[in-house]
Amino acid sequence: MIDMANVFKTYDRGNLALKDITLHVDNGEFVYLTGQSGAGKSTLIKLLFREVLPDSGQIFIAGRSIIRLNNRETVKLRRNTGVVFQDFRLMENKTVFENVAFALKVLEYPWNEVKESVPKVLERLKIADKATAFPRQLSGGEQQRVAFARAVINNPPIILADEPTGNLDPDTSDELMGLFQEFNNEGATVIMATHDKRIVNDTHKRVIALRKGEIIGDHIGGWLL
Amino acid sequence: MKLTGLRYILPEPFISLRRNVGMTVAAVMTVILTLYLCGIFALLVSNINRNAEVMEAAVEIKVFIEDGINQEQMDHLSAQVRSLDGVASIKFVSRAEGLEQMSSKFGNSEEILAAIDTNPLPNSYTLKAASPELVTSIAEQVEKLPNVLAVRYGQGSIEKMFIFMNWIRTLGIGLMVLLGFSAIILISMNIRLSVEARKEEIQVMKYVGASNSFIIWPFILEGMLLGLLGGGLACILVLLSYNAVLNLILNSLNFLTFVSLGEIAFLLTSGMLLIGLLLGAVGSAIAVRKHVNV
């Protein structure tokens, strides 16, 4: 499903973010990317939805290289990838309903379907009563649920998450992790960057550990940070 | 883009303008202020132009004819003058009419007529030029014709007036261009700022998979709405101010000619709305494109 081969990424001023990354993620896998701040987790996530491009190497998703895509193809890639960020990245001037509906509107879903689907996903994520609220009126946990709803509303085959629990308390984090698990059980491939020890140390899933841009471990099961 | 996409895009600018009240007010105020200044200045320039035209149109060439020429020679001279390039009209003024005109110009005609025994004026033609720049050349050509005693058109002072008028016009147009240019910069900068303030929103739209046109068009429409709103309000203010000024000075400055409100209203309104619309659209497009193509 996702393949990276000899990927290097250096930012301005020569900061090496990723060094010779080669990995394969199967369809429907749930993978944690761990490592200290600056290890390259976020860069790896960004590469997968083309927020940044590698200096060299190849990245394939569903057998297709995503290095050289035109605008239209990039848009298509992003529509098939739900992304959840640590800082939620909601549109501040749009209500919860509008934020989530936006992901369907860009796909030009008929309004009838938008009107049906959005309340359903808000209901499932237990934020239906916040539909008319603006992001600033919500708690961190609620905002992350909205961001999650937006990421999954069109059932993307891949869900990427960059420190999604970074700003949440333990209980709220657990609830959110439950949601990721639910969608993973339904078939979505989940790749999550995190340095939340509580989550990673107890997991029985695949954990890829990074340090200074390099993969230093790729195991099933917890990885002590 | 499909109709569904259009349906989603069209209401966006209205919602956004309502929700970003602060930015909307700031941008509209900038448009109002700059276009108001442009509008007032345009009125000033068109009034200066109008007065220049009136003054230039009033310039006449007096062609005095030698005494003692017969009707045939007179007709021949008239035909020669008429055939010159740029002569718009020619009118024969007899010596008696000439004296009448002169005396009425100087006040009580009875007194002047009584003061002179005989009429010293010769017969003459009064010419009007098709355009003011031709006055001097027509006069020079007429002067060379036979049986012409003298040609008078305010030599010296007319040329100075034309130079002055041209200078005023050039200055007016120059200032107009300068003001227009500052308006373009100010308005597009302001609209760009309001787009800039929402660059994160644009980023989010991209991550969700919005196509460029899905992101760009609501911003362009929003810019057009801002421009239209500002242009419309500025136009109303300009017309109200002009009306007030006309009412105030029309009686006291009756030696000047003013462009009437009716004459200028359509041109001014359409011009200001169009400028507002264009500036809004272009300003937004430039600003939003910068963030879309990352």
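Reader: Before anything else, is Arg89(A) buried, partly exposed or exposed?
Author: In this predicted model, Arg89(A) counts as partly exposed, because its relative accessibility is 25% and that class lies between under 20% for buried and over 50% for exposed.

Reader: And where does Arg89(A) lie in the chain?
Author: Arg89(A) is found in the loop that runs between strand 6 (81-85) and helix 3 of chain A. Its phi is positive, at about 50°, although Arg89(A) is not a glycine.

Reader: What is the usual sign of phi, then?
Author: Most residues other than glycine have a negative phi.

Reader: Which loop holds Arg13(A)?
Author: Arg13(A) sits in the loop between strand 1 (2-10) and strand 2 (16-25) of chain A, and it also has a positive phi, of about 65°, without being a glycine. Arg13(A) is classed as exposed because its relative accessible area is 85%, and the cut-off for that class is over 50%.

Reader: Changing topic: how much area is buried between chain A and chain B?
Author: The area buried between the two chains is about 2,200 Å², and carbon and sulfur atoms give 56% of it. On the chain A side, the residues that lose the most area to chain B are Arg78(A), Asn93(A) and Glu108(A), which together make up 29% of what that side buries.

Reader: How many residues does each chain put into the contact?
Author: Chain A contributes 24 residues and chain B contributes 21 residues.

Reader: How many salt bridges cross that interface?
Author: The rule finds two salt bridges between chain A and chain B. One of the salt bridges across this interface joins the side chains of Glu98(A) and Arg19(B), with an N to O distance of 2.6 Å. Nine residue pairs are also found in polar contact across the interface, with both residues at pLDDT 80 or more. As for the elements involved, helix 2 (71-79), helix 3 (96-105) and helix 4 (111-124) of chain A each supply at least two residues of the side that touches chain B. By class, that side of chain A has 12 nonpolar, three polar and nine charged residues.

Reader: Now the interior: which residues have the most contacts inside the largest nonpolar core?
Author: Val118(A), Phe148(A) and Phe180(A) have the most contacts inside that core, which has 62 residues. Helix 3 of chain A gives the most to this core, with seven residues.

Reader: What does Phe180(A) touch?
Author: Leaving out residues up to four places away in sequence, Phe180(A) touches several residues, among them Phe30(A), Val84(A), Phe148(A) and Met192(A). There is also a second, separate core of 32 residues, including Leu18(A), Ile59(A), Leu77(A) and Ile158(A).

Note on methods:
Residues numbered from 1 in each chain as written. Chains lettered and ligands numbered in written order. Predicted model: local features only at pLDDT ≥ 70, side-chain atom pairs only at ≥ 80, totals over all residues. Heavy atoms only, no water. Contact = heavy atoms within 4.5 Å. Buried area = accessible area lost by both parts, 1.4 Å probe. Salt bridge = Lys/Arg side-chain N within 4 Å of Asp/Glu carboxyl O. Polar contact = N/O pair within 3.5 Å; in protein donor to acceptor, adjacent residues only side chain to side chain. Helix = DSSP H or I, 4+ residues; strand = E, 2+ residues; numbered from the N terminus. Nonpolar A, V, L, I, M, F, W, Y, C, P; charged D, E, K, R; others polar. Core = buried A, V, L, I, M, F, W, Y, C linked by side-chain atoms within 4.5 Å. Buried < 20%, exposed > 50% of the residue type's maximum accessible area, 1.4 Å probe, protein only.
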